[in-house]
Amino acid sequence: METIKFDQLVDAKGLACPMPIVRTKKAMNELEPGKVLEIQATDKGSTADIKAWAQSTGHQYLGTVEEGDVLKHYLRKATGEEKEEKKHPHVVNNEELQAKLANKEDILVLDVRESAEYAFNHIPGTKSIPLGELENRLNELSKDADIYVVCRTGSRSDLAAQKLTDAGFKKVINVVPGMSEWTHPTDSLSK
């Protein structure tokens, strides 16, 4: 296989979301426009995360190469004026979501974490569609439903909420901070 030339390396091996993105943002800020960044990660969800982050910031996602357990992601820094990172404008906290669930409101909670994360711990009654599968599974969701998107920290769910809104979904809300600080009932494999 041909070696891919890059200008800077980010080592995010062994780190879980949102750390590969945090390290990528920091490195990208120091990189000159037009230069290429290689991000090495072992988190399987990092492919969808980095691709979506690049899209939301205007940087170019070039691709990912898998070498054993390591995923090598390649991004090219945007040239010209750097786009400000977009954030989904509609946000609620964990307690607001829990109140809606307790009141049995007609809402859909969409969990965009990887299926393994979901299996070990999730909010009862949620629908699981990992961020990387979302575009291909939009037909499973109603464009008129009140959709509350959750992930581990609010980062992937923010990107998913933007994707849903761009696809014509009308009532999409990001849940922050998400499962990393969820103190209400959950379902899991260990029960």
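Two strands pair if DSSP finds at least two bridges between them. I start my notes there, and I keep in mind that this is a predicted model.

**Entry 1: the sheet**

I looked up strand 3 and strand 4 (residues 70-76) first. They pair in the antiparallel sense over 7 bridges. Which residue of strand 4 does Glu67 stand opposite? I found Val70 there. A general reminder to myself: strands of a sheet pair through backbone hydrogen bonds, either parallel or antiparallel.

Next I wanted the whole sheet. It is an open one of 4 strands, in the order 1-2-4-3, and the pairing is mixed. Which strands stand at the edges? They are strand 1 (8-12) and strand 3 (60-67). Each has a single partner strand, so one side of each goes without a neighbour in the sheet. From one strand to the next, I noted an average twist of 20°.

**Entry 2: helices on the sheet**

Helix 1 (residues 19-30) packs on this sheet and touches strand 1, strand 2 (36-41) and strand 4. Its direction makes about 160° with that of strand 1. Then I turned to helix 2 (residues 46-57), which lies across strand 2, strand 3 and strand 4. Helix 2 runs at about 5° to strand 4.

**Entry 3: Ser46**

I picked Ser46, which lies in helix 2. Is Ser46 buried or exposed? It counts as buried, at 1% relative accessibility. Skipping residues up to four places away in sequence, I listed what Ser46 touches: Ala41, Leu71 and His73. With His73 there is also a polar contact, 2.8 Å between the side chains. I checked Leu15 too: its C-alpha atom is separated by 9.6 Å from that of Ser46, with the two residues 31 apart along the chain.

**Entry 4: helix 3**

Which residues of helix 3 (residues 94-102) are buried? I wrote down Asn94, Leu97 and Gln98. They cover an arc of only 100° around the axis, which puts them on the same side of helix 3. That made me recall that an α-helix has 3.6 residues a turn, so residues three or four places apart point the same way.

What do these buried residues pack against? I found strand 5 (91-92), strand 6 (108-111), strand 8 (146-150) and strand 9 (171-175).

I looked at the ends as well. At the start of helix 3, a side-chain oxygen of Asn93 comes to within 3.0 Å of the backbone nitrogen of Glu95. Just after the helix, Lys104 has a positive phi of about 55°.

**Entry 5: Ser128**

Another serine, Ser128, sits in strand 7 (residues 127-128). I have it down as buried, at 18% relative accessibility; the cut-off for buried is under 20%. Setting aside neighbours within four places in sequence, Ser128 is in contact with Asp111, Tyr118 and Arg137.

**Entry 6: cysteines**

How many disulfides are there? I get 0 disulfides. Why no bond between Cys17 and Cys151? The closest cysteine sulfur to that of Cys17 is in Cys151, and at 5.7 Å it is too far for a bond. A disulfide would need the two sulfur atoms within 2.5 Å. Looking from the other end, I found that Cys151 has its closest cysteine sulfur in Cys17. Both are tucked away: Cys17 is buried, with a relative accessible area of 3%, and Cys151 counts as buried at 0% relative accessibility.

Technical notes: Residues numbered from 1 in each chain as written. Predicted model: local features only at pLDDT ≥ 70, side-chain atom pairs only at ≥ 80, totals over all residues. Heavy atoms only, no water. Buried < 20%, exposed > 50% of the residue type's maximum accessible area, 1.4 Å probe, protein only. Helix = DSSP H or I, 4+ residues; strand = E, 2+ residues; numbered from the N terminus. Arc of directions from axis to C-beta. Contact = heavy atoms within 4.5 Å. Polar contact = N/O pair within 3.5 Å; in protein donor to acceptor, adjacent residues only side chain to side chain. Axes fitted to C-alpha atoms, helices over the stretch in contact; angles between N-to-C directions.
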